[in-house]
Amino acid sequence: MKWTEDRSENVDDRRGMGGGGMLVGGGLGTLIIAAIIFFLGGDPSAILSSGMGSAQQQTEQRDLSQGELQIREFVRMITAENEQTWAKIFQENGMQYQPAKVVMFEGVTQSGCGTAQAAMGPFYCPVDQTVYMDMSFFAELQQRFGAKVTEFSVAYVMAHEMGHHIQNLLGTLQKTEQLRRSGRYSETELNRVSVATELQADFYAGLWARYTDNREKFLEPGDLEAAMSAAEAVGDDNIQKRSQGYVNQEGFTHGSSAQRKEWFMKGYNTGDIRQGDTFNALLR
Ligand SMILES: [Zn+2]
């Protein structure tokens, strides 16, 4: 992808500040948790509590490398392109967009939803309307999940988390939370609600890619494929196969690899926010 000139002021880079912690131990359990939170929808406070039983060690304060400063510029750029694109889409629908904040971190950081542990991966916290980008996660995505990580796959992950911010602004997350709390639905049914939530965030990411490319002409050959490779790697079927050796569709919370690709591409190809009603499509 080509870099654009835009940079957002809404990015808080907490890397290198020290005082955080590194996860000691890890292993497969941590990996599964990481994958779940990677594309978490709804209220992550239940999972983001500090009592996950992992030991922490202090990290030293340090200066960021040139490469890390470059990644900050990249995140500021993608944040700015999300702000511009969503401001336009909201305006087209007679609404006003409220931008999300973005926190870059490594290891551990505090969020409005609790303490974010190491190796959890990026997530969105609706309480403080902030996207938390665990930058150490992308190496793991490449090494352990076998995804080809490029600049645009990072952009896709950010756009997916921004998609949860859109759901927060539009009241979708609040509705799914009401369903969860009503006690009237089985775990299998709530998993289907979760899948619809996640696939809609993928649809919004595809919609963002289309609008932003129309304005900035930033996509290059191979970019969409890289995003799809990331989506494929974190599909529920792929994660289940790796973690438990078989696929159980009732346990899906994020959608299969094929569904994740399908909804991203639907957002990209239609460029029409009204086509993104995953709830109607999946829960009828
Ligand atoms: Zn998600």
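Start with the contacts across the whole chain: among those in the protein with a separation of 6 or more, 79% join residues 24 or more positions apart. Keep in mind that this is a predicted model. Now colour by secondary structure, and you should find 10 helices and eight strands. If you shade by burial instead, 43% of the 284 residues count as buried.

**Stop one: Met 162.** Select residues 151-169, which form helix H4, and pick out Met 162 within that helix. Is Met 162 buried or exposed? Met 162 is buried, because 26 other C-beta atoms lie within 10 Å, and 20 or more is enough to count. Next, show its contacts: leaving aside residues up to four places away in sequence, Met 162 touches Asn 82, Ala 100, Val 131 and Trp 208. Then add Tyr 124 and draw a distance between the two C-alpha atoms; Met 162 and Tyr 124 are 38 residues apart along the chain, yet the separation is 7.6 Å.

**Stop two: the largest nonpolar core.** In soluble globular proteins, nonpolar side chains tend to be buried together. Here, the largest nonpolar core has 59 residues. Which residues touch the most other members of this core? Select Met 158 and Ala 230, and you have them. Now highlight helix H6, residues 187-216, which supplies the largest share of this core with 12 residues.

**Stop three: around Ala 230.** Centre your view on Ala 230 and display its partners. Setting aside residues up to four places away in sequence, Ala 230 touches Leu 141, Ala 147, Ser 153, Tyr 156 and Val 157.

How values were computed. Residues are numbered from 1 along each chain as its sequence is written. This is a predicted model: local features need pLDDT of at least 70, side-chain atom pairs count only at pLDDT 80 or more; totals for chains, interfaces and linings use all residues. Helices (H or I, at least four residues) and strands (E, at least two) are DSSP runs, numbered from the N terminus. A residue is buried if 20 or more other C-beta atoms lie within 10 Å of its own, exposed if 12 or fewer, and partly exposed in between; C-beta atoms are placed from the backbone. Two residues are in contact if their C-beta atoms, placed from the backbone, lie within 7 Å. A nonpolar core is a set of buried Ala, Val, Leu, Ile, Met, Phe, Trp, Tyr and Cys residues joined through C-beta atoms within 7 Å.
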